[in-house]
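Trainee: Got a minute to go through a structure with me? I'd like to start with empty space inside the protein and then talk metals.
Mentor: Sure, pull it up.

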Amino acid sequence: MSCLRWHNRSRMTGEEGACGVCGTAAKLRCGGCSNVHYCCRDHQRKHWALHREECRPIKQVENPQEGRYLVASRDLAAGQLVLNESPVVCGPTGTCIPLCLGCHSAITDLESCRCPGCFWPMCSPECHQKDLHVKECGILAQDVKQIGPPTSLDVTPRYDMILVLRCLLLREANPTSWNRLMTMESHVDARREQQEPYHMAGVRFLTEVLKCGFDADTVHRVRGIMITNCINIRGPKGEHLRGIYPNIALLNHSCLPNLTIRSDVNNVLYIRTAVAIKKGDPLVFSYTPPEEPLWERQFDFRNVYFFSCKCRRCGDPTELGTHYSSPRCPKCPDKFLEPRDGVDAPWKCPECEEKRESQDIRDEAERHIKDMDERYSSTSEVESFLTGITRTFHDSHYVWVTAAQASLRMLKNDTSLAALKLQQEIWRRLMGIYQLFEPGLTRRRGVSLFQLSMVETRVAQTQRAEGELTTPAYVAALTRILRQLEYAAKILELEPSNSTESHWKARAGEKAAAISEAIAILQQNSDSQQEDAEDVGRLHKEN
Ligand SMILES: [Zn+2]
Ligand SMILES: [Zn+2]
Ligand SMILES: [Zn+2]
Ligand SMILES: [Zn+2]
Ligand SMILES: [Zn+2]
Ligand SMILES: [Zn+2]
């Protein structure tokens, strides 16, 4: 390795630390991550083989308001990997359909295979012997009255305490991870006071029914740690799971994230920058799905994470001009009722005296979502369905977004030019909204751009077939779509290779190659046509 490279990767700092190799006082720090000190260049060079894997451009900082969190240790470009981590524990989400405790696959028949030790349903006889289940099986088996195991294939909260139990078992099985877990935030006092029914039921079940060997205080705390820090993930077959990732848990929240999370089939999470990030800026992702309306996000911040979000989106009563959670003012044509005094106070029109109770605002939006049906078949019906919604909400409101997604499903098999053009319009509008709340190189952006490109290709093909496009205009349209598709492929390239989402990057690549070939053929044909025309011209002259 050249010295020049090392020179770039290290810098002198005023703060001293212990050398990562020999432990003596050291002023030099790794320039990549700023997290390791060195006494001399030679020790830094020696350490690189070990440190390379963990050298990430992140730095942990601490302040009294926000506790410990991660910032960029240097300027970062969009798309850069900042952190990857395997879970210390992983298991089913709080409410889920019955899952096999050995492999997490969905149970399709409750009675055909039960674990002989604990009576919980399994997908196959091999699964109850899997490492993941063996230790917890002994404890679950103490539930002799079988209060815990699910009794139907419906969604159930019975799996909630499985991940808590798996966390508790770390004390014996993996003391390093246990100690790390115990340094994590639990909000245990607030949770005790809150007396949230699932929390209380879980603690009672673990301490009274299972007699898991932990006192109630520890179980309260561990469930608190689990709920505060777990990250929802998807298993290889789309199963809803959650895991604890101690480093990723240090990332702060924003409803306008600058990071994206991708996962592979082994539940390893890969955190990349979605946008360029300046050195020292906090690295943030969204703890709640960004497509949730204001009241749902705020409910989670208050009751699950115990903080109030101060992000730019939550601080703006118009949610960046989208009126994403607001209904129209019934009196002023272009005004919306806004949560000017907080989400729970009456929402008010900024223009007139009109106001409405917060609960009514939620009920109205939820009623629209609940009553939404997907029975429209013609383009004009879908169009008037969407227009109908804009009479009550802005066309960036989350009810509109939900209706737009439903419209795309309804129009999927309609190949008329009108239907294709409507799909194109909906995709463009949706992408604008997605980009506002999840800016940058996200999977959602990659997939939406891919879908939009597919629709636009069909629009161009249909227009060409109907004689609406000349060859040069058709080539120009395809070339523009190709650039867009190549950009989508570049974003989807960021999916981990052993991820269930990696098919997207293959599809985008294939479609881009097909369009590129089509353009080449069209150009070749038009070149030879032009040559023919020139030949004819020459002949005329000669004659
Ligand atoms: Zn040293
Ligand atoms: Zn480093
Ligand atoms: Zn299984
Ligand atoms: Zn068992
Ligand atoms: Zn926010
Ligand atoms: Zn008004």
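**Cavity and zinc sites**

Mentor: Keep in mind that this is a predicted model. Lining the largest cavity you'll find Pro290, Glu291, Tyr324, Val401, Ile433, Tyr434, Phe437, Glu438 and Arg444.
Trainee: What volume does the largest cavity have?
Mentor: About 60 Å³. The structure holds one cavity of 30 Å³ or more.
Trainee: Which helix gives the most to the lining of the largest cavity?
Mentor: That's helix H13, residues 417-437, with three residues.
Trainee: And how many of the lining residues are nonpolar, polar or charged?
Mentor: Six are nonpolar, three are charged, and there are no polar ones.
Trainee: OK, metals now. What coordinates the zinc ion (ligand 6)?
Mentor: Four cysteine sulfurs: SG of Cys329, Cys332, Cys349 and Cys352, at 2.3 Å.
Trainee: What geometry does the site of the zinc ion (ligand 6) have?
Mentor: Tetrahedral, with angles of 105 to 115° among the four donor atoms.
Trainee: How are the donors of the zinc ion (ligand 6) spaced along the chain?
Mentor: The spacing reads C-x2-C-x16-C-x2-C. Cysteine 332 and cysteine 349 are 17 residues apart, and the pair links distant parts of the chain. Cysteine 332 is in the loop between helix H9 (294-305) and strand E14 (347-348), while cysteine 349 is in the loop between E14 and strand E15 (355-356).
Trainee: Is cysteine 332 buried or exposed?
Mentor: Cysteine 332 counts as buried because its relative accessibility is 12%, and the cut-off for buried is under 20%. Cysteine 349 is buried too, at 5%.
Trainee: Let's switch to the zinc ion (ligand 1). What coordinates that one?
Mentor: Three cysteines and a histidine: Cys19, Cys22 and Cys39 through SG, and His43 through ND1, at 2.1 to 2.3 Å.
Trainee: And which geometry does the site of the zinc ion (ligand 1) have?
Mentor: Tetrahedral, with angles of 97 to 116° among its four donor atoms.
Trainee: How are the donor residues of the zinc ion (ligand 1) spaced in sequence?
Mentor: As C-x2-C-x16-C-x3-H.
Trainee: Why does cysteine 19 count as buried?
Mentor: Because cysteine 19 has a relative accessible area of 5%, and buried means under 20%.
Trainee: What about cysteine 22, then: buried or exposed?
Mentor: Cysteine 22 is partly exposed, since its relative accessible area is 37%. Partly exposed is the class between the under 20% cut-off for buried and the over 50% cut-off for exposed.
Trainee: Great, thanks!

Notes
Residues numbered from 1 in each chain as written. Chains lettered and ligands numbered in written order. Predicted model: local features only at pLDDT ≥ 70, side-chain atom pairs only at ≥ 80, totals over all residues. Heavy atoms only, no water. 1 Å grid on protein atoms, 1.4 Å probe; cavity = no way out; pocket = protein on both sides within 12 Å on 5 of 7 lines; lining within 4 Å. Points joined across faces, edges and corners; volume = space filled by probe spheres on them. Helix = DSSP H or I, 4+ residues; strand = E, 2+ residues; numbered from the N terminus. Nonpolar A, V, L, I, M, F, W, Y, C, P; charged D, E, K, R; others polar. Donors = N, O, S within 2.8 Å, 3.2 Å for Na, K, Ca; no water. Tetrahedral: all angles 85-135°; square planar, octahedral: opposite > 155°, others 65-115°. Buried < 20%, exposed > 50% of the residue type's maximum accessible area, 1.4 Å probe, protein only.
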